[in-house]
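User: I should like to go through this structure term by term. Please justify each description against its definition.

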Amino acid sequence: MDPAPEWLWIWRAWRRLSAERGQSTEGFMVPMGGGLIQSRPGSIPWTAVRAWADHHGLSQEEMALLDRCLVAMDRVYASHWAEKQKASLK
């Protein structure tokens, strides 16, 4: 994906802050000892977004925009991840 130059700062923040996202473990077991356990990515925490905004001197409006964009990007990422996992189970 090639975002427009004026939105690169949001893309860079999302890529960099992705390392801050938590992981949750989920899985299921079936009779006779089979099972699947995997780690699901969480969202980028608001505290990480706030720290990023403070570090880069963003205004409250810029931070609010960044937060809304990162939440939306995380939703797309989580959906894509779930689809990949579903396809791998087939």
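The exchange below takes up confidence, helix packing, an aromatic pair and two individual residues.

User: What makes the model reliable enough for local description, and where is confidence lowest and highest?

Analyst: This is a predicted model, in which local features need pLDDT of at least 70, side-chain atom pairs count only at pLDDT 80 or more, and totals for chains, interfaces and linings use all residues. Residues are numbered from 1 along each chain as its sequence is written, and side-chain values use heavy atoms, with hydrogens and water left out. The pLDDT is the predictor's confidence in each residue, from 0 to 100. The chain averages 88, and 96% of the residues score at least 70. Confidence is lowest in strand β1 (residues 23–29), with a mean of 73, and highest in helix α2 (residues 46–55), at 97. Helices (H or I, at least four residues) and strands (E, at least two) are DSSP runs, numbered from the N terminus.

User: Why are α1 and α2 called oblique to each other?

Analyst: The axes of α1 (residues 8–17) and α2 cross at roughly 130 degrees and come within 11 Å. Axes are lines fitted to C-alpha atoms, for helices over the stretch in contact, and angles run from 0 to 180 degrees between N-to-C directions. Angles under 35 degrees count as roughly parallel, over 145 as roughly antiparallel, 65 to 115 as roughly perpendicular and the rest as oblique. The pair α1 and α2 is therefore oblique.

User: Which residues make up the contact of α1 with α2, and how do they divide by class?

Analyst: Arg-12, Ala-13, Arg-16 and Leu-17 of α1 meet Ala-48, Val-49 and Trp-52 of α2, contact meaning heavy atoms within 4.5 Å. By class, this contact has 5 nonpolar, no polar and 2 charged residues. Ala, Val, Leu, Ile, Met, Phe, Trp, Tyr, Cys and Pro count as nonpolar, Asp, Glu, Lys and Arg as charged, and the others, Gly among them, as polar.

User: Why are α2 and α3 described as oblique?

Analyst: The axes of α2 and α3 (residues 60–88) come within 10 Å and cross at roughly 140 degrees. The helices α2 and α3 are therefore oblique to each other. Their contact includes Trp-46 and Arg-50 of α2 and Met-63 and Asp-67 of α3. The residues of this contact divide into 7 nonpolar, no polar and 2 charged.

User: What makes α1 oblique to α3?

Analyst: Their axes cross at roughly 60 degrees and come within 10 Å. That crossing makes α1 oblique to α3. Among the residues in contact are Trp-9, Ile-10 and Trp-14 of α1, with Leu-65, Met-73 and Tyr-77 of α3. By class, the contact has 12 nonpolar, no polar and 2 charged residues.

User: Why is the pair of Trp-14 and Tyr-77 called edge-to-face?

Analyst: The whole structure holds 2 aromatic pairs. In one of them, Trp-14 and Tyr-77 lie 5.8 Å apart centre to centre, with 75 degrees between the planes. Rings of Phe, Tyr and Trp (its six-membered ring) pair if their centres lie within 6.5 Å; planes under 30 degrees apart count as stacked, over 60 as edge-to-face and the rest as tilted. The pair of Trp-14 and Tyr-77 is accordingly edge-to-face. Trp-14 lies in α1 and Tyr-77 in α3, so the pair ties together parts 63 residues apart in sequence.

User: Which residues do Met-73 and Gly-35 touch?

Analyst: Met-73, in α3, touches Ile-10, Trp-11 and Trp-14, not counting residues up to four places away in sequence. Gly-35, in strand β2 (residues 35–41), is in contact with Phe-28, Met-29 and Val-30, leaving aside its neighbours within four places in sequence.
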